[in-house]
Amino acid sequence: MSIDKQDIKNLAQLARIAVSEDQVNQVSEGLESVLQLVDQLQAADTSGLIADTEQPFQHLREDQVSETNQREALQAIAPNTEDGLFLVPRVLD
Amino acid sequence: MHNLTIAEIVTGLQNRSFSSVEITEHLLARAARLDKQFNSLITITENEALEAAKAADQRLAEENAPALCGVPLIHKDIFCTHGVRTSCGSKMLDNFIPPYNATVIDNFNRCGAVMLGKSNMDEFAMGSSNETSFYGPVKNPWSPDCVPGGSSGGSAAAVAARLAAGATATDTGGSIRQPAALCGVTGLKPTYGRVSRWGMIAFASSLDQGGPMARTAEDCALLLNCMASYDNKDSTSANREVPDHCAKLNDSLEGLRIGVPREYFSEGLDSGTEQAVQAALSEYQKLGAELVEISLPNTGLSVPAYYVIAPAEASANLSRFDGVKYGYRCEDPSDLQDLYCRTRAEGFGEEVQRRILIGTYCLSAGYYEAYYGKAQQVRQLIRQDFVDAFKQVDLIMGPTCPSPAFAFGAKGSDPVAMYLEDIYTISTNLAGLPGMSIPCGLVGGKPVGLQIIGNYFDEARMLNAAHRYQQVSDWHNLAPEGIE
């Protein structure tokens, strides 16, 4: 499976990681190498398998408030806050 | 004092041969003097350690002090420690001061242990050599131009250098067992679900497990007794009683059936390592065990399956690092996209970015079934190989790594060369089984490890086998030079 420049740009956008023009080739080589490794999976015979019914059991709890409000403590380490809100660059124009 | 095992420290403290403050001061001084050679610690918590040691000494003077009261330990910098930086080896969390403790840390506090500091690790636990840490590589105390293994390289090196008698670590594809083998220490990855993952920074949620590292199996049993617990804050935590892992340590091995997988002894295994492992297996026969040749036919698919599943889960887990609520944020972001994209490009190292991109690819529309779906099916095949094997045998043994510690940079620029280091350990994580590594020899002056794999929740039997071997061998007592 080969990866071209546009694929890298699409992946970078999906993963929200900036990949610069001069990094694209190196990133592409690294990814291709790993994809060659994982392509070995295609040769595996998985036809006889039934659906995995051993799903981990999802524990549920009562729908009751069990946590205390710790906003100040939790926000103390945030990069940028105001009045209990997290500040980010403008989203809408 | 630094040559004492945890069991000996516990006895020494109870008998008042020395105090917790004395041994803590001794180890802090050792770290300050020696760790510049190894770079095994990211943060040394001197004040917290001395305060905890004083409190422990008071409790020791009263009745019923808890099991590890006053014992100094090191924690891998992946466990959230309230008020103490937890970096996960990354620039992304260089400024992260957790507002809570991981359950594992709370468990150790309840047991009365003293935290000396946080150990170095591959960034976000992604690596097999501790070369990817933002804080620089860790050096193997046995051979300073060689890697200690990873991702728990800091914990392994610190225990090998006797900076502490024990440390915590985590294992997703071999990250406890492989560095334990390369540094000549004992390390154990519990059954998936045995140790709570609450507060343990997530890499691959269906594979991650925290576990102990120390110089002996007995010490690992003492640490595991403390680390293991049912935790309702971790929905994958096993609601199952924690046995006393020390109770069966001295049981006889007469009649124990040990499976030796033929796939773990084929090409790629260094001959010196093979000899050391075969010698260990002969010792087991002398102890009364029976060796049974078995096959784990899907072993060859384990590395490819892992390198789909782990990056896929990592890409989801690491999406929380966006510069908004905690951790690194890029300067002067122009808009929200720029905030995300540049924070993550600047905050994450190359290997982490590569794995996120691979994971994103395998989970993307059009590829999900072919990659992630297929890998999960292959995972079932791998699990079934073990289930079948455990019908004939009680434990499985083989080499932990294909060869002893390699030089820095030896794996070159091809990531796959590094990935193949984990070839014997990875299936254990995919199957969710417990595994451990114990020292079984030296090859060219560098340690090699014997891997022991147990059935689900059978840690006590693995520890028993390891302990009996350590009673008739000396590999685990050897120390590297230059650490006096």
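So, domains first: the assignment for chain B gives domain 1, covering 6-254 + 464-477, and domain 2, covering 301-374. Please keep in mind that this is a predicted model. The C-alpha centres of these two domains of chain B lie 28 Å apart. How many residues are in contact across the two domains? On the domain 1 side of chain B there are 21, and they meet 17 residues of domain 2 of chain B. If you sort the domain 1 residues that touch domain 2 in chain B, you get 10 nonpolar, 8 polar and 3 charged.

Let's go to helix α1 of chain B, residues 6-14. Which residues of this helix are buried? They are B:I6, B:I9, B:V10 and B:L13. These four sit on the same side of α1(B), because the arc they cover around the axis is only 100°. And what covers them? Among the covering elements of chain B are the helices α2 (20-38), α3 (46-61) and α7, together with the strands β4 and β6. If you follow the chain just past α1(B), you come to B:R16, which takes a positive phi of about 60°.

Now have a look at another helix, α4 of chain B, which runs over residues 103-110. Here the buried residues are B:T103, B:V104, B:I105, B:N107 and B:F108. Their packing partners in chain B are three strands, β2 (72-76), β4 (166-171) and β6 (209-214), plus helix α7 (217-227). You may recognise some of those names: β4, β6 and α7 of chain B also came up as cover for the buried residues of α1(B). Just after α4(B) there is a positive phi again, this time about 85°, at B:G112.

Last stop, the strands. Strand β7 of chain B, residues 257-261, runs parallel to strand β8 of chain B, residues 290-294, and 5 bridges join them. If you want a landmark for that pairing, B:V260 stands opposite B:E293 in β8(B). How does the chain get from β7(B) to β8(B)? It passes through helix α8 of chain B, residues 271-286, in a β-α-β crossover that is right-handed.

β7(B) also pairs with β9 of chain B, residues 395-399, again in the parallel sense, over 2 bridges. Your landmark there is B:I258, which stands opposite B:L395 in β9(B). So that you can find it on screen, start from β7(B) at residues 257-261 and look for β8(B) and β9(B) as its partners.

Key: Residues are numbered from 1 along each chain as its sequence is written. Chains are lettered from A and ligands numbered from 1 in the order in which they are written. This is a predicted model: local features need pLDDT of at least 70, side-chain atom pairs count only at pLDDT 80 or more; totals for chains, interfaces and linings use all residues. A residue is buried if 20 or more other C-beta atoms lie within 10 Å of its own, exposed if 12 or fewer, and partly exposed in between; C-beta atoms are placed from the backbone. Two residues are in contact if their C-beta atoms, placed from the backbone, lie within 7 Å. Two strands pair if DSSP finds at least two bridges between them. A crossover is right-handed if, with the strands pointing away from the viewer, the path from the first strand over the helix to the second runs clockwise. Domain bounds come from an automatic or database domain assignment. Ala, Val, Leu, Ile, Met, Phe, Trp, Tyr, Cys and Pro count as nonpolar, Asp, Glu, Lys and Arg as charged, and the others, Gly among them, as polar. The arc is that of the directions from the helix axis to the C-beta atoms.
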